[in-house]
Amino acid sequence: MVKFIQEQLKNSGFNISIDEATLLAQARAGNMESVERLILKYQDRVYNTVLKLCGNRDDAAELTQDSFVKVIQNLKNFKGQSSFYTWLFRIAVNATLNFCKKNSRINFQPLQSEPDQELKKQLKDYLVDKTSPQPPQVAAAKELHELILKALEKLEPQQRAVIVLRDIEQMNYNEIAETLKIEIGTVKSRIARGRRNLREILEGVI
Amino acid sequence: MKDMEQIEEMLNYYIDGELDERKSNEVKRLIDNDKEIYGLYDSLKRHKNIMDAVPHEPAPQGLCDNITAQLEREILLADTGIYSHSAGRRHLMIRRLMTAAAVLALAAVLSTVVFDIFVPKSSRDQILSNTFRKKPIKQVLYEKPFAEPPVEDKKIVAVKPIDIPFVAILTLKTNNPIEVDWLVAKALTTTNLFSRTTAIDRQAKNVRYAINCDNQSLANLVQELSFVWPQCTETKIDIGTEQMGKYITVSNISAEQAMEICKAEDFGQRMRIAADLGIINKFTSPDMLDRLYAAKSIDYDSLISQKPIITSTEKIQSASLPADDNTKNATLTIIVMSE
């Protein structure tokens, strides 16, 4: 059953028409099928965000799992004042930030291989020299992913959180403020500072 | 420097589409007119593009299954919000109770087995009786549907042994076989035993009747046959014993003696009477009497007595047959023989 729903959701690219309010009501009533649908709907996005925050796949999987369990166990306390989406992400991000705080030395997975010189050159051309109009080859490279993770690792956790929610999860400023329970002005300043720091980090690497 | 930071923030809002139309137009004009601001904007935009190009990594396979499995474990371990509704709570409670019951049952079985193996039966009974302060209950194989009445002092009553059927052969020798035969047939008819006569075998010199009836009918028949005796020159009755084919013979039997044997209460009494009469009749046979009287020169006629009969109180009482004697089988064979 779970696999069937998983396939359906994957095939439909999450555009499957599922009334979230109905799903939530059913899940709150103990319907495990609805619970599974909610998990399948958000698991990839939550996992991806948590992975970018903590930098380790195993930790990300565990944190995502714990976050979902916590969310579902507390469904009856969910009043609907914020959207389920931001509530879920708040729990996941807070859990990840707490985890990172406890494990001050974040176990970012080591790079499988250092980005080769060609990739570095392309990235430098694109970011510093600005000779390349588009970054197709650079973006397509798997090493870039690792490079971004490495750069994110060096950001402060609070800045990392807003950058990931904005640039990876594509949340708007209001959603970020709602998710992190901070003022929108704080979101703006953190985004600006975070991007500046990230840019400096990336330029330092290449 | 402070201005550049503010401009950078503004450019970020612009890139992220967070500005309203008026401010957006102002920033756009600023970018178009200022090369330094354009450079900053271009740099921010390129970094933004790089970040956007970072691929999304899907959740590992089986994450959903792991989550549901962990949820089930958590539900079993603690009362959770999602299962706080009545159905879920009842389901959880039933599962807990069933688990507890299964564990208790298993523990009980194991304890019993261990107790049974390691403690001998005598010690076990002693321990149990000491523990519960009562005698071990006897195993009841069946339960009586009604309460038993209070036990009274019952008198010991002798149980009658199963009686052995009466088997006898009455031999009547006569000079007038036709008349005797007729009288026997008449006696059978009178006592309604003709239909119970299983065989009538008529030979040249004898007729044989085989009768199966109850003891009372037999007694009636013998009583009716008393008319036959005066016609007979010699009478004899053979009473069957426990051993097949062995008989106690009472020769020169009179009608009264035959009657007495037939009315005997049981097999033992019948055997005793037959044996006694057999001895008595043997010593009081006509030949012996003739010899005795001749030797003593005694008045023959005055000494001729009736055949003796046993007339004790016991016998009189026992003459009345019990009701259940009617169910006994008696087999009498009457042989009428011509001299």
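Mentor: Let's start with a rule we will need: a residue counts as exposed if 12 or fewer other C-beta atoms lie within 10 Å of its own, and as buried if 20 or more do. Keep in mind, too, that this is a predicted model.

Trainee: Thanks! Is A:Gln170 buried or exposed?

Mentor: A:Gln170 sits in the loop between α9 and α10 of chain A. Its phi is near 60 degrees, a positive value in a residue other than glycine. The cut-off for the exposed class is 12 or fewer neighbours. Because A:Gln170 has 11 other C-beta atoms within 10 Å, the class is exposed.

Trainee: And where does B:Asn192 lie?

Mentor: B:Asn192 also has a phi near 60 degrees, positive although the residue is not glycine. With 12 C-beta neighbours inside 10 Å, B:Asn192 counts as exposed. Its place in chain B is the loop between α7 and β2.

Trainee: Moving into chain A, which residues of α5(A) are buried?

Mentor: Helix α5 of chain A (residues 84–102) has 19 residues and reaches 27 Å from its first C-alpha to its last, close to the 27 Å expected at 1.5 Å a residue. The cover over its buried residues includes α3, α4, α9 and α10 of chain A. An α-helix has 3.6 residues a turn, so residues three or four places apart point the same way. With that in mind, look at the buried set: A:Thr86, A:Trp87, A:Leu88, A:Phe89, A:Ala92, A:Val93, A:Thr96 and A:Cys100.

Trainee: What is the arrangement of α10(A) with respect to α11(A)?

Mentor: The axes of α10(A), residues 173–180, and α11(A) come within 9 Å and cross at roughly 105 degrees. Angles of 65 to 115 degrees fall into one class. The crossing angle therefore makes the two helices roughly perpendicular.

Trainee: How many nonpolar residues are in the contact of α10(A) with α11(A)?

Mentor: From α10(A) come A:Tyr173, A:Asn174, A:Ile176 and A:Ala177, while α11(A) gives A:Ile184, A:Val187 and A:Lys188. One residue of this contact is polar and one is charged, and the nonpolar count is five.

Trainee: Now to the two chains together. Which element gives the largest share of the side of chain A that touches chain B?

Mentor: Contact involves 46 residues of chain A and 41 residues of chain B. Several helices of chain A each supply at least two residues to its side, among them α1 (2–11), α4 (57–73) and α11 (184–205). By class, that side has 23 nonpolar, twelve polar and eleven charged residues. The largest share is nine residues, and it comes from α3(A).

Trainee: On to chain B: what is the order of the strands in its open sheet?

Mentor: Chain B holds 13 helices and six strands. Two strands of the sheet, β2 (197–202) and β5 (247–251), pair on one side only and are its edges. Neighbouring strands are turned by 15 degrees against each other on average, direction ignored. The pairing is mixed, and the order is β2-β3-β6-β1-β4-β5.

Trainee: Which residue in β3(B) stands opposite B:Ala199?

Mentor: β2(B) and β3(B) form a hairpin with three residues between them. They pair in the antiparallel sense over five bridges. In that pairing, opposite B:Ala199 stands B:Ala210.

Trainee: Which residues of β3(B) point to one face and are buried?

Mentor: β3(B) also runs antiparallel to β6(B), joined by eight bridges. One residue of β3(B), B:Tyr209, has B:Ile334 as its bridge partner in β6(B). The side chains alternate: B:Asn206, B:Arg208, B:Ala210 and B:Asn212 point to the other face and are not buried, while those on the buried face are B:Val207, B:Tyr209, B:Ile211 and B:Cys213.

Trainee: Last one: which strands of chain B does α10 of chain B touch?

Mentor: Helix α7(B), residues 177–190, lies across β1, β2, β3, β4 and β6 of chain B, running at about 160 degrees to β6(B). Over at the β5 edge, β4(B) and β5(B) pair in the antiparallel sense over five bridges, with B:Asp238 opposite B:Thr249. Helix α10(B), residues 267–283, packs on the sheet at about 40 degrees to the direction of β5(B), and the strands touched are β1, β4 and β5.

Notes:
Residues numbered from 1 in each chain as written. Chains lettered and ligands numbered in written order. Predicted model: local features only at pLDDT ≥ 70, side-chain atom pairs only at ≥ 80, totals over all residues. Contact = placed C-beta atoms within 7 Å. Helix = DSSP H or I, 4+ residues; strand = E, 2+ residues; numbered from the N terminus. Nonpolar A, V, L, I, M, F, W, Y, C, P; charged D, E, K, R; others polar. Pairing = 2+ DSSP bridges. Axes fitted to C-alpha atoms, helices over the stretch in contact; angles between N-to-C directions. Parallel < 35°, antiparallel > 145°, perpendicular 65-115°, else oblique. Expected span 1.5 Å × (residues − 1).
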